[in-house]
Amino acid sequence: MLTFTRRRLAAVAVVAATALLGTTACGGGDDAADGPITLTVDVFGQFGYADLYQEYMTANPGVKIVERGTGGNLDEYSPKLTQWLAAGKGAGDVVAIEEGLLVEYKANPQNFVNLLDHGAADLKGNFLDWKWNQGLTADGKQLIGLGTDVGGMAMCYRTDLFAKAGLPTDREAVSKLWPTWQDYIKVGEQFTAKKTGASFLDAATNTFNTILLQTAGNSSGYSYYDTGNNLVVGSNPAVKQAYDTTMDIIDSGLSGKYGSWSEEWVSAFKQSKFATIACPAWMTGVIEGHAGAGAKGKWDIAQIPGNGGNWGGSFLAVPKQSKHQAEAIELAKFLTSAKGQIGAFKAKGPLPSSPQALDDPAIMDSKNAYFSEAPVGKIFAEGAKSLKPVYMGPKNQAVRTEVENAVRSVELGKRSPEQGWSDAVANAEKAAAK
């Protein structure tokens, strides 16, 4: 999802989510003695659980589910969750953890229920092997969380803007335009020359993350930290390659410079201000939410330049502070079951991490009406089993923020590419040392 990283969403939603996240009552802490058990679920972004909650409550009339944080900003959600865990109160009964932050939370496994002690070992086959392993502590003795989604990548584009620029609009024809990122830049230059009134892409940071995770997944298997948790921002070729390619995109004038996840970015969706956006599976729900009903049928989905990649994915964990651990565990199991993952995909688009769900006709044969009936199952699910995960180190989010800030500074013309790279390396080191 939720990596989620991913999903710094609309400012209005952020305000509402922040207000919700500011509440301190533990899930179920104020249950009446003779009333139903209340389970609070803390999430960020669009997990697609609304209908699943209702189904679960119907089947379990003694349980009431309250979700906090939908539409929330991950940069606000994670510190709040960290505070709650440290204080021993305030967290929900079930909490979402984005993959880029999982290593940080696994460093303090005592904060979470060990799901292996509650029958989760029997569920291992319900998840892609690497997704299951991500949820385990280094010694393999504790399972922190059950996987929700993975972030198989594609490229979402506006067919009306492509037509206006004289470019093909059919998704297969569009996919053939950009087998590589350099080809993507060439198409962008053609688009820009037509002066459609829109930029070719939304923001350099989204594209940078896509290229980095794609490149790292197809090479070393790690980005900012190696698997020994050594910071390698300045020495990992995958990081520099992604940075240099992004600089080429910026230098070609293709970016609309709409700061990712900002209010300006949300408005740009509604006003048709850009033609393409790097599109992990979970991004489809974000686009529909921001672009609105009026853009239905104007978006489509093509293949990503380069070779596959994975951006995002989350886990559901149960904090030990929950007053209803047993019930929370059962809810987490339900939401991350093949049925639950299929339901979430249908609702908001996060791609299942369950091989059974990926093989289900409900996924494989699915089409998305909003995206011009794009066969999202075929586009995203077929390659999901061969996705190559990228290792995330202990301060991944803080380091990533500094590198993104450096990219953004170049995008806004405040720094040269060389200065930006120097800033990225130096500030990443400072962030990792905190």
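Into which domains is the protein divided? In this predicted model, the division gives domain 1 (36-150 + 313-364) and domain 2 (153-310 + 374-433). Each domain is thus written as two stretches of sequence. The centres of the two domains, taken over C-alpha atoms, are separated by 27 Å. Domain 1 brings 21 residues to the contact, and domain 2 brings 22 residues.

One open sheet is built from 5 strands. Their order is 2-1-3-10-4, and the pairing is mixed. Strand 2 (63-68) and strand 4 (145-147) form the edges, each pairing on one side only. From one strand to the next, the twist averages 25°. Within this sheet, strand 1 (residues 37-42) runs parallel to strand 3 (residues 94-98), and 2 bridges connect the pair. Val41 has Val94 of strand 3 as its bridge partner. Helix 13 (residues 325-335) packs on the sheet. The helix touches strand 1, strand 2, strand 3, strand 4 and strand 10 (314-317). The direction of helix 13 makes about 50° with that of strand 1.

Another open sheet has 4 strands, in the order 7-8-6-9. Here, too, the pairing is mixed. The edge positions belong to strand 7 (199-201) and strand 9, each of which pairs on one side only. Neighbouring strands are turned against each other by 20° on average, direction ignored. Strand 6 and strand 8 (residues 274-280) are antiparallel and joined by 5 bridges. Opposite Met155 stands Ala278 in strand 8. Two helices pack on this sheet, helix 8 (residues 181-193) and helix 11 (residues 263-270). Helix 8 touches strand 6, strand 7 and strand 8. The direction of helix 8 makes about 160° with that of strand 7. Helix 11 touches strand 6, strand 8 and strand 9. For helix 11, the angle is about 115° with the direction of strand 8.

The pockets come next. The largest pocket holds about 650 Å³ of space. Its lining counts 29 residues, and those closest to the centre are Met153, Gln303, Lys378, Ile379 and Phe380. Five elements each supply at least two lining residues: strand 6 (153-158), helix 7 (171-177), helix 9 (204-217), strand 9 (299-302) and helix 17 (376-381). Strand 6 and strand 9 therefore recur here, as members of the 7-8-6-9 sheet and as contributors to the lining of the largest pocket, with strands numbered from the N terminus. By class, the lining of the largest pocket comprises 13 polar, 11 nonpolar and 5 charged residues.

The second largest pocket contains about 360 Å³ of space. Of its 16 lining residues, Val103, Lys106, Asn133, Gln134 and Tyr391 lie nearest the centre. Helix 4 (99-106) and helix 5 (129-134) each give at least two residues to this lining. Helix 4 gives the most, with 4 residues. The lining of the second largest pocket has 10 nonpolar, 4 polar and 2 charged residues. Where does the second largest pocket lie with respect to domain 1 and domain 2? Both domains give residues to its lining, so the pocket lies between them.

The second largest cavity has a volume of about 70 Å³. Its lining is made of 10 residues. Nearest the centre are Tyr49, Thr148, Asp149, Ala344 and Pro350. The lining of this cavity divides into 7 nonpolar residues, 2 polar and 1 charged.

Leu123 sits in the loop between helix 4 and helix 5, and these two helices each supply at least two residues to the lining of the second largest pocket. Which residues does Leu123 contact, leaving aside its neighbours within four places in sequence? The contacts are with Trp132 and Lys333. Leu123 and Leu146 are 23 residues apart in sequence. In space, their C-alpha atoms are 9.2 Å apart.

Technical notes: Residues are numbered from 1 along each chain as its sequence is written. This is a predicted model: local features need pLDDT of at least 70, side-chain atom pairs count only at pLDDT 80 or more; totals for chains, interfaces and linings use all residues. Side-chain values use heavy atoms; hydrogens and water are left out. On a 1 Å grid over the protein atoms alone, a cavity is a set of points where a 1.4 Å probe fits but cannot get out, and a pocket is an open set with protein on both sides within 12 Å along at least five of seven lines; lining residues have an atom within 4 Å of a point. Grid points are joined across faces, edges and corners, and a volume is the space filled by probe spheres set on the points. Ala, Val, Leu, Ile, Met, Phe, Trp, Tyr, Cys and Pro count as nonpolar, Asp, Glu, Lys and Arg as charged, and the others, Gly among them, as polar. Domain bounds come from an automatic or database domain assignment. Two strands pair if DSSP finds at least two bridges between them. Axes are lines fitted to C-alpha atoms, for helices over the stretch in contact, and angles run from 0 to 180 degrees between N-to-C directions. Contact means heavy atoms within 4.5 Å.
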